[in-house]
Amino acid sequence: FGEASFLGRMSRQATAQVANAGKVWTLGPVKFGELCNRHPALALTLTQLAATVLAKRSCDRKRRIAIA
């Protein structure tokens, strides 16, 4: 998903694989800023979803990253 890079403006660390053909959507910082201005409630929801995924992964010992 890339939630750490989305929330922390870090380089993306996530990779993804699909089983079937599909579409990929991206949301970079500039477009997200535009979204915040035009649809603040939607931007808040996206941010909360990204934070939820990040919080769940931080509790998963197999996916946790040590921060030095």
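The protein chain contains 3 helices and 0 strands, and the order of elements along the sequence is α-α-α. The model is a predicted one. Helix α1 spans residues 3-8 and α2 spans residues 29-38, while α3 comprises residues 40-59. Of the 68 residues in the protein chain, 12% are buried. The accessible surface of the protein chain amounts to about 6,400 Å², of which 59% is supplied by carbon and sulfur atoms. When contacts between residues at least 6 apart in sequence are considered, 48% of them join residues at least 24 apart.

The packing of α2 and α3 was examined next. The axes of these two helices lie 5 Å apart and enclose an angle of about 130°. An angle of this value falls between the range counted as roughly perpendicular, 65 to 115 degrees, and the values over 145 counted as roughly antiparallel; α2 and α3 are therefore oblique to each other. On the α2 side, the contact is made by Phe 32, Leu 35, Cys 36, Asn 37 and Arg 38. The residues contributed by α3 are Pro 40, Leu 42, Ala 43, Leu 46 and Thr 47.

Two of these α3 residues, Leu 42 and Leu 46, recur in a surface feature. Together with Leu 27 and Leu 49, Leu 42 and Leu 46 form a nonpolar patch on the surface. The combined accessible area of the four leucines is about 320 Å². Leu 27 is located in the loop between α1 and α2. The relative accessible area of Leu 27 is 35%, so this residue is classed as partly exposed. The value for Leu 27 also satisfies the requirement of over 30% relative accessible area for patch residues.

Charged side chains were considered last. A search of the whole structure identifies 1 salt bridge. This salt bridge pairs Lys 31 with Glu 34, and the closest N and O atoms are 3.6 Å apart, a separation that lies within the 4 Å limit applied to such pairs. Both residues belong to helix α2; because Lys 31 and Glu 34 are 3 residues apart there, about one helical turn separates them. The two partners fall into separate classes of accessibility: Lys 31 is exposed, with a relative accessible area of 53%, whereas Glu 34 is partly exposed, at 30%.

Definitions and conventions
Residues are numbered from 1 along each chain as its sequence is written. This is a predicted model: local features need pLDDT of at least 70, side-chain atom pairs count only at pLDDT 80 or more; totals for chains, interfaces and linings use all residues. Side-chain values use heavy atoms; hydrogens and water are left out. Patches are made of residues with over 30% relative accessible area and no salt bridge: like charges are joined within 9 Å, nonpolar side chains (Val, Leu, Ile, Met, Phe, Trp, Tyr) within 5 Å. Accessible areas come from the Shrake-Rupley method with a 1.4 Å probe; for residues, only the protein chains shown count as cover. A salt bridge is a side-chain nitrogen of Lys or Arg within 4 Å of a carboxyl oxygen of Asp or Glu. Helices (H or I, at least four residues) and strands (E, at least two) are DSSP runs, numbered from the N terminus. Buried means under 20% relative accessible area, exposed over 50%, partly exposed in between (1.4 Å probe, protein chains only). Axes are lines fitted to C-alpha atoms, for helices over the stretch in contact, and angles run from 0 to 180 degrees between N-to-C directions. Angles under 35 degrees count as roughly parallel, over 145 as roughly antiparallel, 65 to 115 as roughly perpendicular and the rest as oblique. Contact means heavy atoms within 4.5 Å.
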